[in-house]
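Visitor: Could you take a close look at the salt bridges for me? I'd like to hear where they sit and what surrounds them.

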Protein chains: 2
Amino acid sequence: MNKLKLIQDMAVDNGAKIILLLMDGLGGLPLEPGGRTELEAAHTPNMDALTARSALGLSDVVAPGFSPGSGPGHLALFGYDPLENLIGRGVLEALGVGFDLQPDDVAIRCNFCTLDEQGRIIDRRAGRISSAEGARRVELLRQIQLPGVEVFVDPVKEYRFTLVLRGEGLGADIPDTDPQRTGVPPLPIAAQDPAAEKTAELLRQWWAEANKILADQLPANSCTLRGIAKDPGLPPFPEIYNIRAATVAVYPMYKGVAKLIGMDVIEHTAETPAEEFAVVKQHWDDYDFFFVHIKKTDSYGEDGDFAAKVGVIEAVDHALPALLDLQPDVLLITGDHATPAKLKRHSWHPVPVLLAADSARFGPPTAFGETGCRQGALGQIRHVDIMPLALAHAMRLDKYGA
Amino acid sequence: MNKLKLIQDMAVDNGAKIILLLMDGLGGLPLEPGGRTELEAAHTPNMDALTARSALGLSDVVAPGFSPGSGPGHLALFGYDPLENLIGRGVLEALGVGFDLQPDDVAIRCNFCTLDEQGRIIDRRAGRISSAEGARRVELLRQIQLPGVEVFVDPVKEYRFTLVLRGEGLGADIPDTDPQRTGVPPLPIAAQDPAAEKTAELLRQWWAEANKILADQLPANSCTLRGIAKDPGLPPFPEIYNIRAATVAVYPMYKGVAKLIGMDVIEHTAETPAEEFAVVKQHWDDYDFFFVHIKKTDSYGEDGDFAAKVGVIEAVDHALPALLDLQPDVLLITGDHATPAKLKRHSWHPVPVLLAADSARFGPPTAFGETGCRQGALGQIRHVDIMPLALAHAMRLDKYGA
């Protein structure tokens, strides 16, 4: 059973409009027994008022106990089962630096590392050189050319950079060369299937050149190749759901993920939630589905800054009337995973979901938070259920079966 | 997608410690409308206090409506999907009598039965002879020898006994010979695949000998062979979860199941919950995962003795501080299924789960019982989710995907 195919067969274009407002890492934890989560601690009068015409729920993003990376979190949100589909790390990293990845490109996440005179890795992160030091070495590596393909090298942060090969007939089934420990040389670049042999040969040439160029660049005198991957070729979101879909995001990675699944990416200069919402308003007539991505809830969660995460949620709430004024048929507010400030990392805790629509089974009004969502009319769902629920509440899904 | 493989890739050994305290058959039912379940009726001040720093939930062991046997209940608890994996009845029965089953052994659960002069079964349980009568006949059967294999026969209870063949090249794909009705002869011993042909031939020899020996032993003048099975070869628990794991159990079957999945089994003379907890304390430094099995909640449930089941729960609660003093990073309290005294049998009702950990999403403090668990922060889960959740709360699971 291919569930996406079933959904595609049911999806109708009735012109109803859906906003999916994502606060990255929204889910949280109380700092102490009896305390409140970030969302519960935030003063959110607009969201709280919205609960009177919403169904609330809690959602497991991937599966109980799984702490999703950004890739699986977003895939699940867009309805692609994250246990069956993965976006390779090289692809995510290239998207994260805003690289305009093409369907046949092979993307690689590289780490500068330190080799000793026998070629053994003595530091897998090259002393965590600064971003400036990393970028300077990336500049040197840009001189490497390879026969018959284009080569792109871009700095990421500190010791990390991306390498992309563009050409024909390039497979990506090549394991990482990082041995995950020191005292041994990098692993050989070895194709796992014949389709990747050409790529492996090109990468061996590139790596040999890179080692020559970096020879006098200690501590970053070599590099490892990781997450070698291509666009997974997911079926396009606008076709599955029969909807004109656009993304409003500030960070490149989220624009990139949206582009991978065929959503339009609206270019803008917005930074705050209010500015992002203004972009939605500006393009309101052009699309029926808007994915609006708020990043900083996650960033402050990762920093362990409970109060700052609360502040971002409050800024979103304060700006919310601008979205409500557009009178979307369905407004969904959720996260792609939890990032509790208490844990300073992505976590496995289920994420609150608010689905406002005339067709929702309203519960009693409550504060929008984990506790209220536990009691909500949506119950306990998984993130892959969110798109079908959004379409259904917009009357965009026909009956299944006769 | 092999979920255990995904978990194995994420599992890290950070030294955090987990106790899984299992009260067999914990879930219960109120005797009357408006009444309380066994767990709710029990006075459990220690568990109730623990809810303030726990996430609670209810768990379906296999699937809604499925009443699990002990095998599926424990497999699910240990994270092996009980719909995909089964421990054959012969194996479970051999483990239950404490037989030291080896990976290539073929284990069979046998029933004494009564045949008439035409060889038709007239009583499938041989008049339910006493355990002493059964054991006496088992003794007689021990004289049967087979070429090239070792043969073990052990009494179980009343008309039931186990037969184990040990040797090389023994398949187990042979259906039961019990026709499940009287008036017909036992079914022939027939291999379902060539790998089991040698076993079938040996069993035919054994059964012919057994009939000779039992000829004058009415009403137990023959036997049927059931649940012919081998160790299912499950991937080892300590490898999947990257954890040093040990079992503290009183009954042989639970030690046997733990051994099947590669857990260490701690030998001891403990009988009461307090004594079992003392064994955990004694071995605290040797392991990071302790499976502690309390049997009598189930036994009294099967007896229909509500008050005695309540008493066992209270004894566990009274002894609980000894486990809490060890300060495990995660303490899980649950059952392997419900055994409501009202029904005197295993049932399908979801089982209460208490997960105490600093990283849990605490709900408001409540009594530990089915009603409080229904409102809990863990929501409704399945037993196969329990291990991923336990590891996650111990920070022993890395992020899934980039």
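Guide: Sure: a salt bridge here is a side-chain nitrogen of Lys or Arg within 4 Å of a carboxyl oxygen of Asp or Glu. Bear in mind that this is a predicted model, where local features need pLDDT of at least 70, side-chain atom pairs count only at pLDDT 80 or more, and totals for chains, interfaces and linings use all residues. Residues are numbered from 1 along each chain as its sequence is written, chains are lettered from A and ligands numbered from 1 in the order written, and side-chain values use heavy atoms, without hydrogens or water.

Over all chains, the structure holds 45 salt bridges. Let's start with Asp100(B) and Lys259(B), whose side chains meet at 2.6 Å, N to O. Asp100(B) sits in the loop between helix H5 (89-96) and strand E3 (106-115) of chain B, while Lys259(B) belongs to helix H9 (residues 252-260) of that chain, so the pair ties together parts 159 residues apart in sequence. (Helices, H or I with at least four residues, and strands, E with at least two, are DSSP runs numbered from the N terminus.) As for accessibility, buried means under 20% relative area, exposed over 50%, partly exposed in between (1.4 Å probe, protein chains only). Asp100(B) comes out partly exposed at 46%, and Lys259(B) is partly exposed too, at 38%.

Next up is Asp154(B) with Arg142(B), their closest N and O atoms 3.0 Å apart. Asp154(B) is in strand E5 (residues 150-157) of chain B and Arg142(B) in the loop between helix H6 (131-141) and E5, so this bridge ties together parts that are 12 residues apart in sequence. Arg142(B) is partly exposed, with a relative accessible area of 38%.

What about Arg226(B) and Asp178(B), buried or exposed? Both are buried, and their closest N and O atoms are 2.8 Å apart. This pair links distant parts of the chain, 48 residues apart: Arg226(B) is in strand E7 (residues 222-229) of chain B, and Asp178(B) in the loop between strand E6 (160-166) and helix H7 (197-214). Over in chain A, bridges that share partners join Asp13(A), Lys17(A), Arg244(A), Asp288(A) and Arg396(A) into one network.

Now for the boundary between the chains. The rule finds 1 salt bridge across the interface of chain A and chain B: Glu370(A) with Arg361(B), the closest N and O atoms being 3.8 Å apart. On the side of chain A that touches chain B, helices H4 (70-77), H5 (89-96) and H13 (370-374) each supply at least two residues, and H4(A) gives the largest share, 3 residues. With contact meaning heavy atoms within 4.5 Å, 35 residues of chain A and 29 residues of chain B take part. About 2600 Å² is buried between the chains, 60% of it from carbon and sulfur atoms; that is the accessible area (1.4 Å probe) the two parts lose on being put together, summed over both. In chain A, Pro64(A), Phe66(A) and Trp348(A) lose the most area to chain B, together 23% of what that side buries.
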